[in-house]
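The following paragraphs lead through a protein model with a bound ligand, beginning with the sheet and ending with the surroundings of the ligand.

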Amino acid sequence: MKDVVIRRAELSDIPRIVEIEDCSFEVPWPDFLFKAHLSNPGFLVYEKEQILGYVIIGTSEDRTRSHLQSIAVHKDCRRQGIASKLLNWCIDLAKLYGFERMTLEVREKNIDAQLFYSENGFKVEGRIDGYYVDDNAIVMCRDI
Ligand SMILES: CC(C)(COP(=O)(O)OP(=O)(O)OC[C@H]1O[C@@H](n2cnc3c(N)ncnc32)[C@H](O)[C@@H]1OP(=O)(O)O)[C@@H](O)C(=O)NCCC(=O)NCCS
């Protein structure tokens, strides 16, 4: 059995990442958006025999905080700690870049993700009405 690897995403990973995206979001990102992130060192995949999840981090608009842009785990592999491992890995990366806080927006309707973030130390900082076409955003933050 192959070991678990967390590593930077590569071009050949994109079809599988899109598969995970399509089973995870009502409005999934298309492949070209993932391709545009390939130069980002904060675009990571979790691989065990095949890719089971991905995460993308960047910086907040004012560049003072790391920003969790997206995270998803294939629907058949959830509740096995995969997203938590990806999150911890990218938190370590953000710390290497000198960040002390991580922020994110999550759909108000996405209670499962909010529970996941709470479990991983994020606290609600605010709400942005109309952030998404069809939903408000809950803003969550944590020290890292
Ligand atoms: C949110 C998501 C990334 C979590 O991935 P995961 O690998 O299942 O998460 P983990 O196994 O690391 O979960 C860690 C803890 O978070 C909490 N948690 C995770 N998913 C949860 C859920 N659906 N309901 C309640 N709590 C949940 C639990 O406390 C869990 O620990 P436990 O399984 O021991 O109870 C995954 O459900 C997903 O891909 N969802 C669709 C995409 C999405 O909504 N992404 C976030 C966008 S902002």
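Two strands are said to pair if DSSP finds at least two bridges between them. In this predicted model, strand β2 (residues 43-48) and strand β3 (residues 50-59) are joined by six bridges and run antiparallel. Within this pair, Leu44 has Val55 of β3 opposite to it.

Helices are set against these strands. Helix α1 (residues 14-22) lies across β2, β3 and β4, and runs at about 85 degrees to β3. Helix α3 also packs on the sheet, where it touches β1, β2, β3, β4 and β5 (101-107); the direction of α3 makes about 35 degrees with that of β3.

The sheet as a whole may now be considered. Strands of a sheet pair through backbone hydrogen bonds, in either a parallel or an antiparallel manner. Here the pairing is mixed, and seven strands form an open sheet in the order β1-β2-β3-β4-β5-β7-β6. The edges are formed by β1 (5-8) and β6 (123-132), each of which pairs on one side only. From one strand to the next, the twist averages 25 degrees.

The ligand remains to be placed. Of the 19 residues around the ligand, those that come nearest are Arg78, Ala83, Ser84, Asp112 and Leu115. Two or more residues of this shell are given by each of β4 (66-73), α3 (82-96) and α4 (111-119). Helix α3 thus appears both on the sheet and in the shell around the ligand. The most is given by α4, with five residues. Sorted by class, the shell comprises 10 nonpolar, five polar and four charged residues.

How values were computed: Residues are numbered from 1 along each chain as its sequence is written. This is a predicted model: local features need pLDDT of at least 70, side-chain atom pairs count only at pLDDT 80 or more; totals for chains, interfaces and linings use all residues. A residue is near a molecule or strand if its C-beta atom, placed from the backbone, lies within 6 Å of it. Helices (H or I, at least four residues) and strands (E, at least two) are DSSP runs, numbered from the N terminus. Ala, Val, Leu, Ile, Met, Phe, Trp, Tyr, Cys and Pro count as nonpolar, Asp, Glu, Lys and Arg as charged, and the others, Gly among them, as polar. Axes are lines fitted to C-alpha atoms, for helices over the stretch in contact, and angles run from 0 to 180 degrees between N-to-C directions. Two residues are in contact if their C-beta atoms, placed from the backbone, lie within 7 Å.
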